[in-house]
Amino acid sequence: MALFDWRAHFLPFIDFLQQSGHEPWAERLTRQLIARFEDNPHGDLPRWQSALDLLPEVPGVAADLNCSAITLSAPDPLTQAQSESLEQGLRGLMPWRKGPFEFFGTHIDTEWRSDWKWDRVAPHLSDLRGRTILDVGCGSGYHCWRMAGAGAGRVVGIDPGLLFMFQFLAVKGYLGEVPVDLLPVRMEDLPDNLKMFDTTFSMGVLYHRRSPLDHLLELKGTLRPGGELVLETLVVDGPEGFSLMPEDRYGQMRNVWFLPSCPTLLRWLDRTGFSNARVVDVSDTTTEEQRQTDWMRFNSLADFLDPNDSSKTVEGYPGPKRATIIAEKP
């Protein structure tokens, strides 16, 4: 049975924290990882590790982090045996939700065209070169790699989903010691008031939080003075003060709590101490951007919309519309 060696993957980042003056976070993270992987390990860890172990060794790997698919390439074509082992390993890490990725000619068409979101957000960002970045709810780390491609000095993604972590490691395993890490922890697992990051991203998280204002305060605490928040979330049309709270589910999701109007969201940011908050994009989510694929064979957005009116969810609420807001910490 394959065992997951968490120390091999996370000790370099823990060492970075200790050397950069963040010893309390290093100690806390170590305890959390021991609890996650030793005290109460997930039952699928051996299966995911076995899938990761199938990925073939490939010399001379190059990465393109600045195109729609995070692309890994090699000087020479893979052998048939390598290609078959690669495909088997990658399919062992299904479903792939955030991407796309390209592994040596094997294209992973993920459920989400996460590159579309990046293309909407990227033009409005401060220059990421040299910045230390936090990506909250980062999924498989697709956007973390795009941030690294934009020149970030260090990127830290957090997401409690362990399958996402293995998908991330499938990429990082070919790139070696790059300053991009994915930690399998939640926002509330971070120390308060880190004041460590130049830019913090929270994309697709706010509506999952029972207390959105507390989430905004947590995000502000991660930023250094003058740092930038990039917030992307579901919104609805309406005046300042208006927010939709679903009766039960929204688009078949139980954990959706508040969908504010854009003016309400700007007020929330103002009340939680951010400055210069502005809406830089509002876009409807379509079944071209989120859909079932051969790499994600479960229900997707088309199954969550009213079959007779795609502008509404199956529950009758307005269909998914996402806004991106940029704000600063004074």
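**Exercise 1.** Leaving aside neighbours within four places in sequence, which residues is Trp-25 in contact with?

*Solution.* A word on the model before the steps: it is predicted, so local features need pLDDT of at least 70 and side-chain atom pairs pLDDT 80 or more, while totals for chains, interfaces and linings use all residues. Residues are numbered from 1 along each chain as its sequence is written, and side-chain values use heavy atoms, without hydrogens and water.

Step 1: look for contacts, meaning heavy atoms within 4.5 Å. Trp-25 touches Phe-13, Leu-17, Val-156, Leu-183, Leu-190, Pro-191, Leu-194, Met-196 and Phe-197.

Step 2: go up to the helix. Trp-25 is one of the buried residues of α2 (buried: under 20% relative accessible area; exposed: over 50%; partly exposed: in between; 1.4 Å probe, protein chains only). The others are Ala-26, Leu-29, Leu-33 and Phe-37. Down the axis of α2 they fall within an arc of 95 degrees (directions from the axis to the C-beta atoms), so they line one face. On the other side, Pro-24, Arg-31 and Asp-39 are exposed.

**Exercise 2.** Which parts of the chain does the salt bridge between Lys-117 and Glu-232 tie together?

*Solution.* Step 1: check the pair. A salt bridge puts a side-chain nitrogen of Lys or Arg within 4 Å of a carboxyl oxygen of Asp or Glu; here N to O is 3.3 Å.

Step 2: place the partners. Lys-117 sits in helix α5 and Glu-232 in strand β11, so the bridge joins parts 115 residues apart in sequence. (Helices, H or I, of at least four residues and strands, E, of at least two are DSSP runs, numbered from the N terminus.)

Step 3: check burial. Lys-117 is buried at 10% relative accessible area, and Glu-232 is buried at 1%.
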